[in-house]
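Trainee: I've got this model open and I'd like a close look at one part of it. Could you walk me through it?

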Protein chains: 2
Amino acid sequence: MPVEPNIDTLVVAGVGLIGGSFALALKQAGAVRRVVGLGRTRASLERAAALGVIDEAADDPAHALAHADLVMLAMPVGQTVAVLERIAPHLRADAVVTDAGSTKRDVIDAARAVLKGAFPRFVPGHPIAGAESSGADAARADLFRGRKTVLTPLAVTDARAVARVAGAWRACGADVREMPAEEHDAVFAAVSHLPHLLAFALVHELAEQPNAATLFDYAAGGFRDFTRIASSHPEMWRDICLANRECVGEALARYRSELDRLQRLLAAGDAEAIERTFAEARAARNAWLARIESGERK
Amino acid sequence: MPVEPNIDTLVVAGVGLIGGSFALALKQAGAVRRVVGLGRTRASLERAAALGVIDEAADDPAHALAHADLVMLAMPVGQTVAVLERIAPHLRADAVVTDAGSTKRDVIDAARAVLKGAFPRFVPGHPIAGAESSGADAARADLFRGRKTVLTPLAVTDARAVARVAGAWRACGADVREMPAEEHDAVFAAVSHLPHLLAFALVHELAEQPNAATLFDYAAGGFRDFTRIASSHPEMWRDICLANRECVGEALARYRSELDRLQRLLAAGDAEAIERTFAEARAARNAWLARIESGERK
C-alpha cells in the first residue's frame with residue numbers, strides 16, 4: 001500500500017553516504033515526492049542525480065528551497081555555519097531543518113545564531129550508522145534500518161517539527177531516541193570520538209618510530225581490528241573532535257587516569273588487580289555483545 | 001610423496017589451540033611419528049586424544065619424555081617455570097625444547113635457570129597466530145600456514161636445535177623469522193601487548209561509569225572492532241603484560257606522550273595539526289593494509 005508522501009520537497013545539503021541514504025530510504029518508503037540536492041561540487045550532485053539518489057541538482061539555494069518543507073544538513077560538520085548562512089534567507093516559513101552531525105551542541109549553537117526566528121523549527125539529529133565508505137555511490141536505502149537515530153530537541157523546539165523529523169527517520173526504519181544535547185555529546189565522546197582519537201594516536205605514534213617498518217611487519221589481526229577506525233576520514237574526525245572538544249577532553253582525561261592506574265599496577269606487579277581489570281572488561285564487553293546479538297536476532 | 005618423519009616423539013605441554021595446531025600440522029606434513037600430550041587436567045588430554053590431536057595422554061613426565069626428541073611448551077606463559085621444572089629431570093640428552101609464548105625474555109630467563117646444561121638446546125619461539133578461540137577443539141592443521149613464527153635464539157643456542165625447530169615450523173607452513181629476544185619483546189609490546197591493554201582499559205573505564213548502561217547502548221560498530229581484543233583471555237594477557245612489563249611500560253609511556261600531545265592540540269583548537277596527525281595515521285595504516293593484502297594474494 002503506497003504511503004501518501006508527507007514530505008513534498010526534501011532538500012539534502014551534502015549528498016554523501018548519510019544524506020544520500022536518507023533520500024533513498026524516504027523515496028523507497030514513499031514518504032517524499034521530490035528530492036533536491038545542494039552541494040559543494042556540481043560533479044557530485046550530477047553523480048547523485050544519475051544514481052537516482054536525488055531528483056534534481058540545485059546550484060542556487062533560493063531555487064532549491066522555494067518548495068522545501070524539509071531540509072537535511074548532511075555535509076561535514078565543519079561546514080555547518082556556512083551552509084546555514086546560505087540557506088537561511090530562503091527558508092519557507094513552515095520549513096523544518098534537521099541535521100545528521102555526530103556532535104550536537106556546536107550545531108545547535110550555530111543554528112541558533114544563524115536561523116534566529118526559524119530556530120524553533122531546527123531539530124538536531126544524529127543517525128548512528130557506520131560510514132566506512134563515503135559518497136553518494138555508497139548510499140543505500142537500508143542504511144538506517146534497525147539503527148538508532150538520536151534527536152536532541154531543546155525546550156524551544158517546535159513539537160510538530162520534532163514529530164516531522166522523527167516520522168521521517170521512522171520511515172527510514174530507524175529506532176528514534178531523544179536525549180539532551182549535552183548528554184548526547186558526552187555519550188558519543190566516550191564511545192565513539194575518544195576511540196577514534198585513540199586509534200589514530202596509536203598508529204601515528206608507531207609510524208613515527210625509527211623501527212616503524214618492523215613494527216608494522218609484525219602487526220597482526222588484533223592490531224588490524226583495533227586500528228580499523230584509524231582509517232576513517234581525517235577531516236571529518238578533526239571536525240568532530242574539535243566541535244566536541246570539551247567532552248572529548250573529559251573522556252580522554254578519564255581514560256588517561258585509567259592508564260595511570262594500569263601503569264602503577266604493572267610497575268607494582270599486581271597480578272590480581274590486573275587480571276580483575278581485564279576480566280571485568282571482558283565480562284562487560286561480552287554482556288554488551290550478547291545484548292546486541294539478541295537484539296539483532298529479534 | 002610422504003615425508004620421512006624427522007621428529008620421532010613430540011611432547012606437547014598444553015594441548016590447546018597453539019600446541020594442538022602445531023601437533024596437527026606436523027602430523028599432516030608427515031613430519032612426526034608420535035605425539036604425546038602433557039597437561040594440567042586428564043580430561044583435556046583425553047579430549048585431545050579423542051580428536052586425534054595427540055596419540056597419547058601422559059600423566060607422568062618421565063614416561064612422556066623417555067623418547068621425546070622435541071618438546072613444545074604451549075601452556076600459558078605463567079606456568080613456564082613449573083612445567084620446565086617438571087620436565088627438566090627427564091629430558092633426553094639430545095632433546096630439543098621450544099616454546100610458543102608471546103614474550104621471550106622471561107621464558108629465556110626461566111629456561112636458563114631451570115634447564116642449566118640443557119639450555120643450549122632450548123629454542124625460544126613465538127608463532128604469530130590469532131587465538132580468538134581456545135582449547136584442543138579449536139586446533140587446526142592450517143593455523144600457522146602463511147603466518148610468521150619468530151625464533152629468538154641466543155649466541156649459546158645450538159645451531160642444530162634452531163634448525164630443527166625452524167624446520168618443524170616450516171613443515172607447519174609458517175614463515176620463520178629470527179630476531180633478538182629484546183627486539184621481539186619491544187616490537188610485540190608496541191603492536192600487540194599495548195593495544196590489548198588499551199582496549200581492556202577503555203572497556204573497563206566505561207563499565208565503571210555511573211551511566212555505563214547508556215554508554216554501551218550507544219556503542220556501535222567502530223567500538224566493537226576497537227574493543228574486540230578486550231574479549232581476550234584475562235589470565236593470558238595478565239601473564240603477558242607482567243612478563244613483558246618493562247617493554248609494555250615503555251610502549252605505554254610513549255603512547256601517553258602522544259595522548260598528551262593530542263590533548264594539547266585539542267585544547268589549543270589546532271585543527272591543522274590534528275588533521276595532519278589523523279591523516280598520517282590513516283596513510284600509514286592504509287599502506288600497511290595494502291602490503292598485507294598484496295602478500296595475502298601471492
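How many bridges join E7(A) to strand E8 of chain A, and do the two run parallel or antiparallel?

Mentor: Keep in mind that this is a predicted model. E7(A) and E8 (residues 148-151) of chain A are joined by 3 bridges, and the two strands run antiparallel. To pick out one of the pairs on your screen, go to Pro127(A): its bridge partner in E8(A) is Thr149(A).

Now zoom out to the sheet. It's an open one of 3 strands in chain A, ordered E7-E8-E9, and the pairing is mixed. Strand E7 (125-127) and strand E9 (175-178) of chain A sit at the edges with a single partner strand each, so each has one side without a neighbour in the sheet. If you ignore direction, neighbouring strands here are turned by 20 degrees against each other on average.

As for the wider setting, the domain assignment splits chain A into domain 1 (7-178) and domain 2 (183-297). The C-alpha centres of these two domains of chain A are 31 Å apart. Their contact draws 12 residues from domain 1 of chain A and 10 residues from domain 2 of chain A. On the domain 1 side of that contact in chain A, you'll find 3 nonpolar, 6 polar and 3 charged residues.

One last step out, to the two chains. A turn of 180 degrees with a shift of 0.0 Å along the axis lays chain A on chain B, with an RMSD of 0.0 Å. That's how a two-fold axis relates two copies. Within chain A, Phe226(A) has the C-alpha nearest the axis, at 2.0 Å from it. Both copies use the same surface, as 100% of the contact residues of chain A recur in chain B.

Terms used
Residues numbered from 1 in each chain as written. Chains lettered and ligands numbered in written order. Predicted model: local features only at pLDDT ≥ 70, side-chain atom pairs only at ≥ 80, totals over all residues. Pairing = 2+ DSSP bridges. Helix = DSSP H or I, 4+ residues; strand = E, 2+ residues; numbered from the N terminus. Axes fitted to C-alpha atoms, helices over the stretch in contact; angles between N-to-C directions. Least-squares fit on C-alpha atoms with pLDDT ≥ 70 in both. Contact = placed C-beta atoms within 7 Å. Domains from an automatic or database assignment. Nonpolar A, V, L, I, M, F, W, Y, C, P; charged D, E, K, R; others polar.
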